[in-house]
Amino acid sequence: MTDPRLVGTWTTVLEDDGKSVVGLASFTGDGGVTCYQANTKNIGLGNWESTGKDSFDYNFHIIAVSPEGEHVGEAHVFVNGEFVSDDRWEGTGGANFYSPTGELLRGHEGSKVTARKFGIDK
């Protein structure tokens, strides 16, 4: 089950340790998601699914690299969202951080996420 309200592009705000981190998220009709947050230097790719009439989950992975281009780990981000209106949702999210060999280094959850859909600027 997919919710067509989520399909499109959204401006997101993540509350991270008392700081608001702005990002962008684009959701496709076949369950794909592409995300970018200002506190990362790479895009994240992942998936989404409806979990109820007004709710959904999504996740994405971000590859971390050193300034020299060496793979130094991954962030696996997860969010549970609920529609407040057709063009706004709120939720909570978190992330797990892994070494290049897949060892869990640390994680957190419970960060507030809000989003507003945007269309073509006129």
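The largest pocket is lined by 34 residues, and Asn39, Thr40, Ile62, Ala75 and Phe97 are the ones nearest its centre. Keep in mind that this is a predicted model. Besides the pocket, there's a nonpolar surface patch to look at, plus a set of 5 salt bridges.

**The largest pocket**

- How do you spot a space like this? Rolling a probe the size of a water molecule over the atoms shows where empty space is left.
- The volume of the largest pocket comes to about 560 Å³.
- Strands 1 (8-16), 2 (19-27), 3, 5 (55-65), 6 (71-85), 7 (88-98) and 8 (104-118) each give two or more residues to the lining of the largest pocket.
- Which strand gives the largest share of that lining? Strand 6 does, with 7 residues.
- Sorted by character, the lining of the largest pocket has 20 nonpolar, 9 polar and 5 charged residues.

**The nonpolar patch**

- Leu24, Tyr36, Ile43, Leu45 and Phe118 make up a nonpolar patch on the surface, and together they have about 470 Å² of accessible area.
- To find Ile43, look in the loop between strand 3 (32-37) and strand 4 (44-50).
- Ile43 has 48% relative accessibility, so it counts as partly exposed.

**Salt bridges**

- Here's the basic idea: side chains of opposite charge can pair when their charged atoms come close.
- Arg5 and Asp54 join through their side chains in a salt bridge, at 2.9 Å from N to O. Arg5 sits in the segment before strand 1 and Asp54 in the loop between strand 4 and strand 5, so this pair ties together parts that are 49 residues apart in sequence.
- Asp54 also meets Lys53 in a salt bridge, this one at 3.7 Å from N to O.
- Are these two partners buried or exposed? Asp54 is partly exposed, with a relative accessible area of 27%, while Lys53 counts as exposed because its relative accessibility is 72%.
- Zoom out a little and you'll see a network of salt bridges linking Asp3, Arg5, Lys53, Asp54 and Asp86.
- Arg88 and Glu90 form a salt bridge too, at 2.8 Å from N to O. Arg88 is partly exposed, with a relative accessible area of 25%, and so is Glu90, with 30%.

**An unusual backbone angle**

- Asp17 isn't a glycine, yet it has a positive phi of about 50°.
- You'll find Asp17 in the loop between strand 1 and strand 2.
- With 75% relative accessibility, Asp17 counts as exposed.

Terms used:
Residues are numbered from 1 along each chain as its sequence is written. This is a predicted model: local features need pLDDT of at least 70, side-chain atom pairs count only at pLDDT 80 or more; totals for chains, interfaces and linings use all residues. Side-chain values use heavy atoms; hydrogens and water are left out. Patches are made of residues with over 30% relative accessible area and no salt bridge: like charges are joined within 9 Å, nonpolar side chains (Val, Leu, Ile, Met, Phe, Trp, Tyr) within 5 Å. Accessible areas come from the Shrake-Rupley method with a 1.4 Å probe; for residues, only the protein chains shown count as cover. A salt bridge is a side-chain nitrogen of Lys or Arg within 4 Å of a carboxyl oxygen of Asp or Glu. Helices (H or I, at least four residues) and strands (E, at least two) are DSSP runs, numbered from the N terminus. Buried means under 20% relative accessible area, exposed over 50%, partly exposed in between (1.4 Å probe, protein chains only). On a 1 Å grid over the protein atoms alone, a cavity is a set of points where a 1.4 Å probe fits but cannot get out, and a pocket is an open set with protein on both sides within 12 Å along at least five of seven lines; lining residues have an atom within 4 Å of a point. Grid points are joined across faces, edges and corners, and a volume is the space filled by probe spheres set on the points. Ala, Val, Leu, Ile, Met, Phe, Trp, Tyr, Cys and Pro count as nonpolar, Asp, Glu, Lys and Arg as charged, and the others, Gly among them, as polar.
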